[in-house]
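Visitor: I would like to understand how words such as buried, exposed and salt bridge are given to particular residues. Could you take me through the reasoning step by step?

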Amino acid sequence: MTHSDIAHGQQPRTRVGALLLLTDLDGRLVLIQPRYKEGPFLVGGARHEDESPREAARRESREEIGVEVVPGRKLLDYYSPPNPRSGRRPA
């Protein structure tokens, strides 16, 4: 299941996930261009309800670039407030 497969009303109230700062062998930052939104983005995304941010990072790397990345000790995790257009209020 991808983010675009989840109906707008079924999106989580808050988003917690992980972003990966990946570089290629020449030291260039790895960015992706998702089909469902414009602009380049870091590899990563929202976690599923039953997974940790570290597990989300591994899953997102498999989904987005086809490589299973094992995050190191430092993991950039983030919190995004609920989407105000969803009509849902934070718990």
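**From values to words**

Guide: Let us begin with Glu 51, which has a relative accessibility of 12% and therefore counts as buried, since buried means under 20%. Please keep in mind that this is a predicted model.

Visitor: Where does Glu 51 lie in the chain?

Guide: Glu 51 is placed in the loop that runs between strand E3 (41-46) and helix H1 (53-65). Its side chain reaches the backbone nitrogen of His 48 at 2.8 Å, and this pair can be called a polar contact because the limit for such a pair of N or O atoms is 3.5 Å.

Visitor: What makes Glu 51 and Arg 59 a salt bridge?

Guide: The closest N and O atoms of Glu 51 and Arg 59 are 2.6 Å apart, and a salt bridge asks for a side-chain nitrogen of Lys or Arg within 4 Å of a carboxyl oxygen of Asp or Glu, so the pair qualifies. Arg 59, with 8% relative accessibility, is buried, and Glu 51, at 12%, is buried as well.

Visitor: Which residues are linked with Glu 51 in a network of salt bridges?

Guide: The network joins Glu 51, Arg 59, Glu 60 and Glu 63. If we set aside the neighbours of Glu 51 within four places in sequence, its contacts are Ala 46, Ala 56 and Arg 59.

Visitor: How do you know that Arg 58 and Glu 68 form a salt bridge?

Guide: Their side chains meet with N and O at 2.4 Å, and the cut-off is 4 Å, so the pair is counted as a salt bridge. The two residues link distant parts of the chain, with Arg 58 in helix H1 and Glu 68 in the loop between H1 and strand E4 (76-80), 10 residues apart.

Visitor: Why is Arg 58 called partly exposed?

Guide: Arg 58 has a relative accessibility of 31%, and partly exposed covers what is neither under 20% nor over 50%, so the term fits. Glu 68, at 39%, is partly exposed for the same reason.

Visitor: Why are Arg 28 and Asp 24 described with separate words, exposed for one and partly exposed for the other?

Guide: Arg 28 stands at 52% and is therefore exposed, as the word requires over 50%, whereas Asp 24, at 25%, counts as partly exposed. Their side chains nevertheless meet in a salt bridge, with N to O at 2.7 Å, and the structure holds 7 salt bridges.

Visitor: What makes Val 70 exposed?

Guide: Val 70 has a relative accessible area of 60%, and the limit to pass is 50%, so Val 70 is exposed. This residue is found in the loop between H1 and E4, and its C-alpha is 8.4 Å from that of Arg 54, although the two are 16 residues apart in sequence.

Visitor: Why can Leu 29 belong to a nonpolar surface patch?

Guide: Leu 29 has a relative accessible area of 47% and is partly exposed, and a patch takes residues with over 30%, so Leu 29 passes that step. Together with Leu 21 and Leu 31, Leu 29 makes a nonpolar surface patch of about 300 Å².

Visitor: How many helices and strands does the protein have?

Guide: The protein has 1 helix and 4 strands, which follow the pattern β-β-β-α-β along the sequence. Of its 91 residues, 22% are buried.

Notes. Residues numbered from 1 in each chain as written. Predicted model: local features only at pLDDT ≥ 70, side-chain atom pairs only at ≥ 80, totals over all residues. Heavy atoms only, no water. Buried < 20%, exposed > 50% of the residue type's maximum accessible area, 1.4 Å probe, protein only. Polar contact = N/O pair within 3.5 Å; in protein donor to acceptor, adjacent residues only side chain to side chain. Contact = heavy atoms within 4.5 Å. Patch = residues over 30% accessible without salt bridge, like charges linked within 9 Å, V, L, I, M, F, W, Y side chains within 5 Å. Areas by Shrake-Rupley, 256 points an atom, 1.4 Å probe, with all protein chains shown as cover.
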